[in-house]
Structure formats: structure tokens, C-alpha cells
Amino acid sequence: MRTRLDCLVTSALRQGSAVPAFTCYDFTTALAVVGAAEESGRGVILLVAPKTAATPNGLRLISALRGLADAASVPVSVQLDHASDTRVMSDAVAAGADAVLADGSSLPYEDNIALVCAARELLGPDVVLEAELGGLAGDEDRAFSAGQPADEAGVSVAGLTDSAQVEDFVARTGAQLLAVAVGNVHGRYKGEPQLRWDVLQDIAVRTHIPLVLHGASGIPAEELVKAASMNVGKVNFNTELRTGVLTTLQEQLPAHRADGENLQALLGHWNASAADFAAGTLATLSR
Ligand code: 13P
């Protein structure tokens, strides 16, 4: 059943857990994620990357994900991730997304607020808005080592969330969820992730809206289980899911080509890899 993202996250937090959100570039992965959620009896969030949503096929994918969410036996939300282009936001919502991350984190503070307010004005009161304060290193769609200089990876980095700005930012944007930068990165970490739990704690006492941890791939399970106790109700995964699927496909491809170009069976392995990852993550976050 399709469920408002803020309701899904708030009700998980009330039970002491967080909801995983998975980037889906395709329908096979989304089927696997929703299947794993149904198996576990827990809700899940399907994320669509802005580069996906910027294409006509991407908008059709959003419509298909909405149908999948409507028919699921557990709560499912469809969210446009990391959008900074208001046209992509309105197209994605028209196609069926019911939540948007209006991401002005690479902009100056006042411009970040203005982007979220413009998104609210454009999308109306029913679309759930996440906003981001502070910026993450890394590319959302292509993994790179977090040790690589940001300009080499084509990204700019705003740095850790300034907790002193949190109350003002939340009040002025009206955001319903807040994505934070506390040492998390998109893509691969160089060495062990060094999350700043002190910064997260400081943010958590300054706002009551649920917090969102992006860049969860590579953060050990023992760390992730602590998140909900600091009001992190949504945890975003992409790279690890892709790595698992691509490794599986690489291993399975030769045998399936030899077996009469057996795409159907290969898709079964794709599904199993994504479902295993989603199931493990659902179990970790509800520990
Ligand atoms: P990772 O690719 O590091 O898991 O980050 C995913 C993410 O934050 C999507 O918004």
C-alpha cells in the first residue's frame, strides 16, 4: 500500500527503527526490494535518482513504481531523490512520486532555503519534502573512493551540517525530513567511515523532524543500528545494492549466454541479489 513517506518514517521511529530507502534505476531491482519488504513485513522507500527522472523513460519508471507501491502488502513510498531542478520535481510528482528531496545543499544557505520554499510552492501541501543541510562528498550514481579529491569527482562539498542553523532552516523551509552531513559520503568510503555521532546528536536535539542518513553503503551494521536512537528515521542505500547486482551479473553472465542467451534466468539472479541486500538491511535497521 502506498503510504506517505513522513508517516512511514515516523511510525518506524516510534518503534525504535529506521526505514531503508533504495535507489532503483530499473523495475527488476524495485520488484526485489518490495518483495523483500513484504517478506519481512516492513515498509520501504523506493528512490528515483534525478538523472533517471529527467528522462521520459525515467518518468515511466516512476509511474510503474507507483503502481508497485499501490499494490504492495506493506507500506511503500516513492521519492524523487536529490532534485535541484523544479521542472524535474513537478514532472516526477505528476508521474507518481509522492515525496521529493529538494536538494539545495550545494547552494549558499539562503538559496538552499529558497529552493525548498519554491518546491513547496510548486508541489503543494500534499507532497512530502525532505531538505538537505550540509553537503556530502561523492557522486550519487557512480561510486568513487571518498579519498579522491572532490573536484576530480565533479562534485562540490559543503561539509558537515552546522547544527546552529538547524532550527532556523527547518522553520523557514517547512521541510518534513532533514538530510544531514555527519561524515557520511555517497559512494565508497576510504577506510572505515568516521561518522560524527556528536554532530548528529547535536542536530537531533534541535529539531523534532526525522533525520535522514544518506550514503549508508559501507557503514557497518553496528553503526547503522544506532541511527534510530538519534531520530534518524530514513537511511539511504545505493552503491552497495549496485555492487551486489553487478557482481552477480558478472559471475552469471557467461553461463547464461551459453544457456541459449537465457535473460529470464539471469534476471532471477539480479532479483535474488537485490532482494538479499534489501532483506539484510531491513533486518539491521529494525534490530
Ligand atoms: P550510497 O550510494 O553511498 O549508498 O548513498 C545512497 C544515497 O544516499 C542515495 O540518496
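**Exercise 1. Strand E8 and its partners**

How many residues of strand E8 (residues 232-237) are buried? Determine also which strands pair with E8 and in what sense.

*Solution.* The structure is a predicted model.

Step 1. Six of the six residues of E8 are buried, and the strand is mostly covered.

Step 2. Strand E1 (residues 19-23) pairs with E8 in the parallel sense, over four bridges. Within this pairing, alanine 21 has asparagine 236 in E8 as its bridge partner.

Step 3. Strand E7 (residues 211-213) also pairs with E8 in the parallel sense, here over three bridges. Valine 235 in E8 is the residue that stands opposite leucine 213.

**Exercise 2. The sheet as a whole**

Describe the sheet to which E8 belongs, and identify a helix that packs on it.

*Solution.*

Step 1. Eight strands form a closed barrel in the order E1-E2-E3-E4-E5-E6-E7-E8, with parallel pairing. On average, neighbouring strands of this sheet are turned by 30° against each other, direction ignored.

Step 2. E1 runs parallel to strand E2 (residues 44-48), and three bridges join E1 to E2. Opposite threonine 23 stands leucine 47 in E2.

Step 3. Helix H11 (residues 263-285) packs on the sheet and touches E1 and E8. The direction of H11 makes about 155° with that of E1.

**Exercise 3. Strands E3 and E4**

State how E3 and E4 pair, and determine which way the residues of E4 point.

*Solution.*

Step 1. The pairing of E3 with E4 is in the parallel sense and has three bridges. Leucine 80 has valine 100 in E4 as its bridge partner.

Step 2. From E4, Ala99 and Leu101 point one way, while Val100 and Ala102 point the other way. All four residues named in this step are buried.

**Exercise 4. Two residues with positive phi**

Compare the surroundings of histidine 82 and asparagine 231, beginning with the phi angle of each.

*Solution.*

Step 1. Most residues other than glycine have a negative phi.

Step 2. Histidine 82 has a positive phi, near 45°, and is not a glycine. For asparagine 231, likewise not a glycine, phi is positive at about 65°.

Step 3. Histidine 82 lies in strand E3 (residues 76-83). Asparagine 231 is placed in the loop between helix H9 (221-224) and E8.

Step 4. A residue counts as buried if 20 or more other C-beta atoms lie within 10 Å of its own. Histidine 82 has 27 other C-beta atoms within 10 Å and is therefore buried. Asparagine 231 has 19 C-beta neighbours inside 10 Å, so it counts as partly exposed.

**Exercise 5. Two helix pairs**

Characterise the packing of helix H2 against helix H4, and then that of H6 against H7.

*Solution.*

Step 1. Helix H2 (residues 27-40) and helix H4 (residues 56-71) have axes 11 Å apart and pack at an angle of about 20°. Because of this angle, H2 is roughly parallel to H4. H2 passes H4 in a right-handed crossing.

Step 2. On the H2 side, the contact is made by Phe27, Ala30, Leu31 and Val34; on the H4 side, by Leu61, Ala64, Leu65 and Leu68. By class, the contact has eight nonpolar, no polar and no charged residues.

Step 3. H6 and helix H7 (residues 166-173) pack at an angle of about 30°, and their axes are 9 Å apart. Angles under 35 degrees count as roughly parallel, and H6 and H7 are therefore roughly parallel to each other. Their crossing is right-handed.

Step 4. In this pair, Ile113, Val116 and Cys117 in H6 meet Phe169, Arg172 and Thr173 in H7. The residues of the contact of H6 with H7 comprise four nonpolar, one polar and one charged.

**Exercise 6. Leucine 107**

Is leucine 107 buried or partly exposed? Locate the residue and give its contacts.

*Solution.*

Step 1. Leucine 107 is found in the loop between strand E4 (99-102) and helix H6 (109-123).

Step 2. Because leucine 107 has 16 C-beta neighbours inside 10 Å, it counts as partly exposed.

Step 3. When neighbours within four places in sequence are left aside, leucine 107 is in contact with Asn112 and Leu115.

Step 4. From C-alpha to C-alpha, leucine 107 and alanine 83 are 13 Å apart in space, and they are 24 residues apart in sequence.

Definitions and conventions:
Residues numbered from 1 in each chain as written. Predicted model: local features only at pLDDT ≥ 70, side-chain atom pairs only at ≥ 80, totals over all residues. Buried ≥ 20, exposed ≤ 12 C-beta atoms within 10 Å, placed from the backbone. Pairing = 2+ DSSP bridges. Axes fitted to C-alpha atoms, helices over the stretch in contact; angles between N-to-C directions. Parallel < 35°, antiparallel > 145°, perpendicular 65-115°, else oblique. Left-handed = near helix turned anticlockwise from the far one by under 90°. Contact = placed C-beta atoms within 7 Å. Nonpolar A, V, L, I, M, F, W, Y, C, P; charged D, E, K, R; others polar.
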